[in-house]
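Trainee: I should like a close look at a single part of this model, namely the helix that supplies the largest share of the largest nonpolar core. Which helix is it, and what does it meet?

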Amino acid sequence: MSAISAHMRDAVLEMRGICKSFGGTRALDGAHIALHAGEVHALLGENGAGKSTLIKIMTGLYSADSGELLMDGKPVHIGSPADAQRHGVVAIYQEPLIFPDLTVAENIFMGHRDRGRLVNWRRLRRDARQVLGVLDVDLDPNAPASTLTVGEQQAVEIAKAMTQDVRVLIMDEPTAALSAHEVRRLFRQVEQLRANGVAVLFITHRLDEVFEISDRVSVFRDGHHISTRPVADTNQGLAVKEMVGRELGDFF
């Protein structure tokens, strides 16, 4: 058994042999990936590599044609975003899904049915301040979400994920619209998630970020899993070669 497959046995979330076609186009062909608690796992690939399809299967937006999805080594079926949330699988996208007319606190606890029909506003603000404090984010829980920067909106989404007992957080191009200062702040939040045992799937086209924040790197190409390596065992040249399928010299 290879080192990777042996390591995959204790994954929080694992996808094995995933196939998905749209008409005559095969978006994923026997793809696999494993995400571990307290680890940042970067997923690389050109447009059309299958990254978005993989995420949508993880989050219940698509169903795989074949293959299996496991959590803690046990097969599970994630048939909807609500299923994904129940399993602690949450995605954050480049454009944050924030309700601008609500406050920071209301956005963080949006959809929490366990808080009762009558809202205890003091408790809501206190709990929001507490979870933001864990992320070292200084935001007023009473602030309207419409006043937040993109980076602050992402922090609210991460805080919301933490209140949902997130186990796997998927971050799809989270730095694309951020300033350098906001990227640094986001990375501090990712470090806190890692320390709290969350498995983070980090998708970006910015290779320098991959080698700064990630523990492992997987490369996909044309719907196939090409490689998974510890970040220390790869480099930008090798990653690009695997993404495009040829040497850098040929590429340029």
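Mentor: The answer below starts with the core, turns to the helix and its two helical neighbours, and ends with the sheet.

This is a predicted model, in which local features need pLDDT of at least 70 and side-chain atom pairs count only at pLDDT 80 or more, while totals for chains, interfaces and linings use all residues. Residues are numbered from 1 along each chain as its sequence is written, and side-chain values use heavy atoms, with hydrogens and water left out.

The helix in question is α6, which gives six residues to the largest nonpolar core. Helices (H or I, at least four residues) and strands (E, at least two) are DSSP runs, numbered from the N terminus. A nonpolar core is a set of buried Ala, Val, Leu, Ile, Met, Phe, Trp, Tyr and Cys residues joined through side-chain atoms within 4.5 Å. Buried means under 20% relative accessible area, exposed over 50%, and partly exposed in between, with a 1.4 Å probe and protein chains only. As a general background, nonpolar side chains in soluble globular proteins tend to be buried together.

The largest core holds 37 residues, and those touching the most other members are Ile 108, Ile 158, Leu 169 and Met 171. At least two residues of this core come from each of β6 (89-92), α4 (104-108), α5 (121-134), α6 (150-163), β7 (168-172), α7 (180-195) and β8 (199-203). A second core, separate from this one, has 26 residues, including Ile 18, Leu 28, Leu 69 and Ala 199.

Ile 108 leads directly to the helix. Leaving aside residues up to four places away in sequence, Ile 108 touches Val 156, Ala 159, Lys 160 and Thr 163, and also Ala 128, Val 131 and Leu 132. Contact here means heavy atoms within 4.5 Å.

Two packed helices are described by the angle between their axes and the distance between the axes. Axes are lines fitted to C-alpha atoms, for helices over the stretch in contact, and angles run from 0 to 180 degrees between N-to-C directions. Angles under 35 degrees count as roughly parallel, over 145 as roughly antiparallel, 65 to 115 as roughly perpendicular and the rest as oblique.

Consider α5 beside α6: their axes come within 10 Å and cross at roughly 105 degrees. The two helices are therefore roughly perpendicular. On the α5 side the contact uses Val 131, Leu 132 and Val 134, and on the α6 side Ala 159, Met 162 and Thr 163. Five of the residues in this contact are nonpolar, one is polar and none is charged. In this division Ala, Val, Leu, Ile, Met, Phe, Trp, Tyr, Cys and Pro count as nonpolar, Asp, Glu, Lys and Arg as charged, and the others, Gly among them, as polar.

With α7, the axis of α6 again comes within 10 Å, but the crossing angle is roughly 10 degrees. This pair is therefore roughly parallel. From α6 the contact takes Val 150, Gly 151, Glu 152, Gln 154, Ala 155, Ile 158 and Met 162, and from α7 it takes Glu 182, Arg 185, Leu 186, Gln 189 and Leu 193. Six of these residues are nonpolar, three polar and three charged.

Gly 151 of α6 deserves separate mention. Gly 151 counts as buried because its relative accessibility is 9%. Residues up to four places away in sequence aside, Gly 151 touches Leu 178 and Glu 182. Gly 151 and Arg 185 are 34 residues apart in sequence, with their C-alpha atoms 8.2 Å apart in space.

The core also draws on strands β6, β7 and β8, which belong to an open sheet of six strands in the order β6-β7-β8-β3-β9-β10, with mixed pairing. Two strands pair if DSSP finds at least two bridges between them. β6 and β10 (224-230) are the edge strands, each pairing on one side only. On average, neighbouring strands of the sheet are turned by 20 degrees against each other, direction ignored. β7 and β8 run parallel and are joined by five bridges; Leu 169 has Val 200 in β8 as its bridge partner. Helix α9 (residues 236-244) also packs on the sheet, where it touches β3 (40-44), β9 (216-221) and β10, and its direction makes about 25 degrees with that of β9.
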